[in-house]
Amino acid sequence: MDIDLITNVLFAMIRSGTPLLLVALGEVVCEKSGVLNLGQEGMMLMGAVTGFIVSVSTGNLLLGVIAGMMAGVAMSLLFGSLALGLRTNQVATGLALTIFGTGLSAFVGTDYVGKPLAGIAPLAIPLLSDIPLLGTVLFRHDPLVYTALILLTLTWAFFRFSRPGLMVKAVGENPDSATSIGLPVLTVRWLAVSFGGAMAGLGGAYLSLAYTPLWSEGMTAGRGWIALALVVFASWRIGRVLLGAWLFGLASIMHLVLQGMGASISSNLLATLPYLATIVVLVILSSNQSKIRMMAPMSLGKPFHSRM
Amino acid sequence: MKIFLKRTWLKRAAVAAFSTLMSTTAIMAGAAEDKLKVAFVYVGPVGEAGWTYGHDEGRREMLDKLGDKVESTYVESVSEGADAVRVIRKLAKSNDLIFTTSFGYMNPTLKVAKQFPKVKFNHATGYKRSKNVATYAARFYEGRYVTGLIAGEMTQSNVIGYVGSFPIPEVVQGINAFTLGLRETNPDAVVKVVWINSWYDPAKEREAAEALIAQGADIINQHTDSPAPVQAAQDKGVLAFGYDTDMTRFGPDAHLTGSLVHWGDYYTDVAKSVLNNSWTAEDVWGGINAGMVKMAPYSKKIPADVVAAAEKARTDIASGELTIFEGPIKAQDGSIKVASGVKLNDGEILSMNWYVDGVEGELPQ
């Protein structure tokens, strides 16, 4: 492997890890508040199709990005009104959301299949992008990649340093105690769910506006599920989400690179790497029950019944 | 022309006037008998490019050519399986001729055809026929050979990247034909293939194209349906060949040309054959000669003499003067796979599971 190839691979790794990063980031926040939303794939698709339609119709990519996020939020509000408002089973509701989003996005996007769109162009950051190797790998991406990294840092700081961050964690660990000290459990969960929706929408819009500027039915191709696996892989730690996203990104391009190099490893097998990695992490985590209890939010997936 | 038009108009007016005297049901029955009803089943949405779009273009061409002798309907995004049976059966109740345009409709088509012996069925890319089921496909590989000739002249790095869908004969034929063309004009060039195991996954197609570009490919060819590889080539400043439909607008600087499938003539001929009762349950595997395979417009980047050579090859293939899979053809290990003067027959081409010399990597079996 020569140095050019390595830079190219690392560059592609960050790019293909970005949609995973965005979606997983949203889901981590959502799960930290105690809500499990399996509707990522559906929300991503709605974000992708809405972002694309708005960009093609208005010619404005930023508007498309915002519309994609809004579509994700709208989907998550639908989830919220069922799972939080009516206290339905979160797993079933999330699955329904994915199925619904897949169908609805195909329906509204029919007229936009195969339309060309000049996608979001890369933006080389002055000075930084001139650093050999690192500059090419890190600082020659499109603006959404930087946005994802900034959002990640902000979310990390939010949980690390801020009081509202603690509130989210408290609500996710033990909503009853949180209520008793006066925290608005449902409001916090609504906000976390909406944030998850916005991130999933953004991740979808990244695919249809920057990564491959076009719309096609089911174009997320399971990335929403990989992001869900990524949350577990990261054991709900923000920093590890970044690591995991890049690792999964690397796994998804590595089998293509290896094929190009003539390695005779089954590409089907290599494509399973992200899932295998998740299983391995799950096994390691569950080898110690107290450990997994430390990691996962205690009330994850449990509907909250206020005792007031 | 004008008189003719007027006369048709008069005739129609007369028919309309006459019809008003009849009952409503009689009019409907009359209309149904007059026109040949043709239905199409599509695997994807029609959209603006790609496989299904190509079939719909063919349908519209058929309507244009046969005018008021035919009328047509289509059902899009029909998934291959139980849904297909339901849709085809529904169409069979009210149509005379049905085109099912994806490989996965093979068994559903045969199943429904048995129940509707009077209806004619034409199934694309399949191999099972029956009394009222014909099959058809295009020799995509002929166009690939022409793109190979161009690639040999245009490459600087002597590495061509090829984004493949599934390692099945249909795709391997294309890779081999392309490589034979490439080696014809540039004996040093090699083809690197990356399989993505999907017909349509834009993100994966793009990743594959980028992985190939990272490994030195300066031209990308594809046997997948989305324009993502062309987009990737455009962004990375390398060249590309599109597929299925003209993909120039997805990479105006990158797109050189592409092998296109054109169904219009075939659909028109089949509809005509039903009209004059000469329809048979045959298999048609047409190429450039039959008008099924065409080339997308050549990019201005290709020098005139290269275009001329490509066009000559195209006409020679059409006339039969040039046979693509004719020996001597070397296999990957350099051994002679097809002896000099021997031509592969259709059966051998249809079951092709080996790479010619010049393709790198192992073919997944």
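The exercises below, each with a worked solution, explore helix packing, enclosed spaces and backbone details in a predicted model.

**Exercise 1. Work out how helix H2 and helix H4 of chain A are oriented to each other, and which residues make the contact.**

Step 1. Begin with the geometry: helix H2 (residues 40–58) of chain A and helix H4 (residues 90–109) of chain A have axes 6 Å apart, and they pack at an angle of about 20°.

Step 2. Angles under 35 degrees count as roughly parallel, and H2(A) and H4(A) are therefore roughly parallel to each other.

Step 3. As for the hand, H2(A) passes H4(A) in a left-handed crossing.

Step 4. From H2(A) the contact takes A:Gln40, A:Glu41, A:Gly42, A:Met43, A:Leu45, A:Met46, A:Val49 and A:Ile53, and these meet A:Leu97, A:Thr98, A:Gly101, A:Thr102, A:Leu104, A:Ser105, A:Val108 and A:Gly109 in H4(A). Sorted by class, the contact of H2(A) with H4(A) has 8 nonpolar, 7 polar and 1 charged residues.

**Exercise 2. Do the same for helix H6 and helix H11 of chain B, and state how their contact residues divide by class.**

Step 1. The axes of helix H6 (residues 140–154) of chain B and helix H11 (residues 304–319) of chain B cross at roughly 160° and come within 10 Å.

Step 2. An angle over 145 counts as roughly antiparallel, so H6(B) and H11(B) are roughly antiparallel to each other.

Step 3. The crossing in which H6(B) passes H11(B) is right-handed.

Step 4. On the side of H6(B) stand B:Glu142, B:Tyr145, B:Val146, B:Leu149, B:Ile150 and B:Glu153, which meet B:Val306, B:Ala310, B:Ala313, B:Arg314 and B:Ile317 in H11(B). The residues of this contact of H6(B) with H11(B) comprise 8 nonpolar, no polar and 3 charged.

**Exercise 3. Follow the contact between H11(A) and H8(B), and then describe the largest cavity, to whose lining H1 and H11 of chain A and H8 of chain B each supply residues.**

Step 1. The axes of H11(A) and H8(B) come within 9 Å and cross at roughly 50°; H11(A) and H8(B) are therefore oblique to each other, and H11(A) passes H8(B) in a right-handed crossing.

Step 2. In this contact A:Ser252, A:Ile253, A:His255, A:Leu256 and A:Val257 of H11(A) meet B:Lys204, B:Glu207, B:Ala208 and B:Ala211 of H8(B). By class, the contact of H11(A) with H8(B) has 5 nonpolar, 2 polar and 2 charged residues.

Step 3. Turning to the cavity, the volume of the largest one is about 100 Å³. Chain A lines the largest cavity with A:Asn8, A:Val9, A:Ala12, A:Tyr211, A:Ile253 and A:Val257, while chain B lines it with B:Glu207, B:Glu210, B:Ala211, B:Ile213, B:Ala214 and B:Lys236.

Step 4. H8(B) gives the most to this lining, with 5 residues, and by class the lining of the largest cavity has 8 nonpolar, 1 polar and 3 charged residues.

**Exercise 4. Describe the second largest cavity and the second largest pocket by volume and by lining.**

Step 1. The structure holds 2 cavities of 30 Å³ or more, and the second largest cavity has a volume of about 30 Å³.

Step 2. The second largest cavity is lined by B:Gly50, B:Trp51, B:Gly54, B:Asp244, B:Val261 and B:Trp263, and its lining has 3 nonpolar, 2 polar and 1 charged residues.

Step 3. The second largest pocket holds about 520 Å³ of space. Of the 26 residues that line this pocket, A:Ile120, A:Pro122, B:Arg206, B:Gln231 and B:Asp235 are the closest to its centre.

Step 4. At least two lining residues of the second largest pocket come from each of helix H1 (3–32) of chain A and helix H8 (202–214) and helix H9 (228–236) of chain B. The lining of the second largest pocket has 11 nonpolar, 7 polar and 8 charged residues.

**Exercise 5. Locate B:Pro328 and B:Asn158 in the loops of chain B and give the backbone detail for each.**

Step 1. B:Pro328 is placed in the loop between H11 and strand S13 (329–330) of chain B, and a cis peptide bond, with omega about 5°, joins B:Gly327 and B:Pro328.

Step 2. B:Asn158 lies in the loop between H6 and strand S6 (159–164) of chain B, and although B:Asn158 is not a glycine, its phi is positive, at about 60°.

Key
Residues numbered from 1 in each chain as written. Chains lettered and ligands numbered in written order. Predicted model: local features only at pLDDT ≥ 70, side-chain atom pairs only at ≥ 80, totals over all residues. Heavy atoms only, no water. Axes fitted to C-alpha atoms, helices over the stretch in contact; angles between N-to-C directions. Helix = DSSP H or I, 4+ residues; strand = E, 2+ residues; numbered from the N terminus. Parallel < 35°, antiparallel > 145°, perpendicular 65-115°, else oblique. Left-handed = near helix turned anticlockwise from the far one by under 90°. Contact = heavy atoms within 4.5 Å. Nonpolar A, V, L, I, M, F, W, Y, C, P; charged D, E, K, R; others polar. 1 Å grid on protein atoms, 1.4 Å probe; cavity = no way out; pocket = protein on both sides within 12 Å on 5 of 7 lines; lining within 4 Å. Points joined across faces, edges and corners; volume = space filled by probe spheres on them.
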